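Me: I would like a close look at a single part of this model. Please keep the sentences short.

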Amino acid sequence: MNIYAKLTILCLFLVLFTAGVLSFFADQKVEQTLKEEIVVSMTQQSKGIGSDIGRFMFSRLNDIRLASRNPYFRSSNISQEELIQRLQELENLNDLYYSFSVFDNDRVRIADSKRLSIGKQHPYTLYWTKLDEDQDATVDVSKSESVGRVVMHFASKIKGLDDQTDVGVLVGRILVDELFKIVGEYALSNDTSRNLDIHLIDSEGTVLYSNIDPTSILSSTYSQFDLVSSLNEPGVNFLETQDALYFVTRETNYLSFTGNDWTLILSIPKERAYAPLKQIREQILYAVLPVLALAIILSLIAANLFVKPIVKLSLAAEELSKGNLDVELPIGSKDEIGKLAKQMTSMSQNLIGQIEEQRQTNKQLIDQKTQIEMQKNQLVSVSSQIRDSISYAERIQRSTLPPISTLQSVFPDSFVTYKPKDIIGGDFYWFERVRRGNNEFMIIACGDCTGHGVPGAIMSIMGSNQLTNIVYYQNYLDPKKIISRLDKVIKFELQRDTDEVNRDGMEIGICVIDLDTLKMEFAGAGIPLRLMKHGSDELTIIKSPRQMVGGIEGDEQEVHAQLTKEEIQLDVKDRIFLSSDGFQDQFGGEFDKKFMSKNFNKLIEESSSKPLFEQQKIIEKTFSEWSKNTSQTDDVCVLGFEIK
């Protein structure tokens, strides 16, 4: 196939493809515009209808409230016949109302404007259930017991002349047909062939109003209730299904009227809503066909004009590919092809100079490579010095951590799993056996400083040293007082005001165990205590306030008041665990998620039936397997021991 045929086919393809794409997007744009117009129109109509209904309900409730203030209804001396006459006068004043009734506090009808069901007691249903101490007026839609038709009940309590005592209830009834006068008929863009379906339903889906099936009022549930019940956003909610468009509006307050949790639904089948789309598509097609025919003719002419210079350009390109950079291109046109021919001529001349420049560039690259290698060697040396410094810092930090033998001398079954994220970390543990009078105590602490690496290590060393100072030299034994004093000391070390709130510091949990009575006191800030009682299958978790030692607002006494202390009587073979949040915050597993506290608690519960040294292996193995494909997230410190 020669170049002329290829170019002709290409031009035809481009014309047809462009026409198809433009037609497609034009159709989509028209449909989108029509849909947007429908959404705007129906949203406005939804708001208008909802406002009309709300205004109607508000006005009628005000009618009933004002009528209930009439002295004739509030007086206890008025006769029944005179009361009926007053109700009939009230009915004649407003054509909206079908009838009025007055009930006493026992729901007995004592007067009715149409003299219906007088003396009968109304059951405790419908609007009676809504009238209470906090609500003196209400409205509902139901079938009237006396009238026998579907009506809107507007009920208001009648206060005595002292404005304090409830003496009865005034009820006005409006036939639900009056809603048809309010709502009327609505259509899209005033097109009567595209009328909207309007429904008003209650919170259970019962139809209170329908402009397409009045017989369904109170007798059936709205057919699409399950579909629209989940739409609870304020304002008008739009929902599109395969067959129809729905605009759902939840009833909102209108002035002082709080509403009845009703829902207004405007809907229209798509076939009816998009009826104008077919006519628009036909108009677009009639406009596109002549343009398409003209474009095809022009594409054939253009293909012929472009072929000849392209052939010449192809022959010259073959010479260039053979290495003949001095080739001349005999094309004198001033269009893009002519410019391309001139550019190729200029390019062939420039290539000779660029080849020489490339040789010079290669020489410069060799020199730069030598410099880069020298800089690399310098970086390696500096990195080695930094690593040596951090390794030395690790030895310093670990020297501040007590040997596990100190804990095992009191509780032989004990362990510490300590895994800094970096070489050094911000987690630390501290324990020591102390004597106060005739009693011996074991103090055990686990801390988690903000940050990790060098900043965290500095904070952990400070915390460990200050614990030693507070316990040994200041003779503190109460864990709550130890933490409040530690908060004060860290604030002093960091030159921080007592009223300054800061998240820098450490979380800590401290246990103090009386070795004679096995009575344990626990206090903490951010770190919980996990207790596994011997013989129990359930882990007890004692939480501590979410505070950061060194950043708690207030002086030492105020900090002490914010902390809590738990006293626990331990038994032999009870197990206690303290840990930082590094284990449960570790990312990993199949979906690279956090391990989470609930899984950590479950791990301790399920492994507590094993000897403690096996439980330690299970905990460490679980952490290793969970994080095997993910770098360590934070420092990890888990401390556990069994009461002997």
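Which residue stands opposite G640 in β22? Please start there and work outwards.

Reply: F577 stands opposite G640 in β22. Bear in mind that this is a predicted model.

F577 lies in a strand pair. Strand β19 covers residues 575–579 and is joined to β22 by 5 bridges. The two run antiparallel.

β22 has another partner. Strand β11, residues 414–419, is joined to β22 by 6 bridges. This pairing is antiparallel too. Here T417 stands opposite V638 in β22.

Now β22 itself. The strand spans residues 636–642, and 7 of its 7 residues are buried. β22 is therefore largely enclosed by the rest of the structure. In a regular strand, side chains alternate between the two faces of the sheet. In β22, V636, V638, G640 and E642 point one way. C637, L639 and F641 point the other way. Both sets are buried, E642 included.

Two of these residues lead on to Y429. Y429 touches C637 and L639. Its other contacts beyond four places in sequence are L401, P402, V416, Y418, A445 and C446. Y429 sits in strand β12, residues 427–436. Y429 has a relative accessible area of 10%, and it counts as buried because that value is under 20%. P403 is 26 residues from Y429 in sequence. The C-alpha atoms of Y429 and P403 are 10.0 Å apart.

Elsewhere in the model is an open sheet. Its 5 strands have the order β7-β6-β10-β9-β8, with antiparallel pairing. β7 (207–210) and β8 (236–240) stand at the edges. Each has a single partner strand, so one side of each is left without a neighbour in the sheet. Neighbouring strands of this sheet are turned by 20° against each other on average, direction ignored. Within the sheet, β6 (residues 197–201) and β10 (residues 263–269) pair over 5 bridges in the antiparallel sense. I198 stands opposite L266 in β10.

Last, the enclosed space. A search of the whole structure finds 1 cavity of 30 Å³ or more. The largest cavity holds about 40 Å³ of space. Its lining consists of R109, H122, L126, Y127, K143, S144, E145, S146, H153 and R173. By class, the lining residues divide into 2 nonpolar, 4 polar and 4 charged.

To return to the starting point: F577 faces G640 across the β19 pairing, and T417 faces V638 across the β11 pairing.

Technical notes
Residues are numbered from 1 along each chain as its sequence is written. This is a predicted model: local features need pLDDT of at least 70, side-chain atom pairs count only at pLDDT 80 or more; totals for chains, interfaces and linings use all residues. Side-chain values use heavy atoms; hydrogens and water are left out. On a 1 Å grid over the protein atoms alone, a cavity is a set of points where a 1.4 Å probe fits but cannot get out, and a pocket is an open set with protein on both sides within 12 Å along at least five of seven lines; lining residues have an atom within 4 Å of a point. Grid points are joined across faces, edges and corners, and a volume is the space filled by probe spheres set on the points. Ala, Val, Leu, Ile, Met, Phe, Trp, Tyr, Cys and Pro count as nonpolar, Asp, Glu, Lys and Arg as charged, and the others, Gly among them, as polar. Helices (H or I, at least four residues) and strands (E, at least two) are DSSP runs, numbered from the N terminus. Buried means under 20% relative accessible area, exposed over 50%, partly exposed in between (1.4 Å probe, protein chains only). Contact means heavy atoms within 4.5 Å. Two strands pair if DSSP finds at least two bridges between them. Axes are lines fitted to C-alpha atoms, for helices over the stretch in contact, and angles run from 0 to 180 degrees between N-to-C directions.
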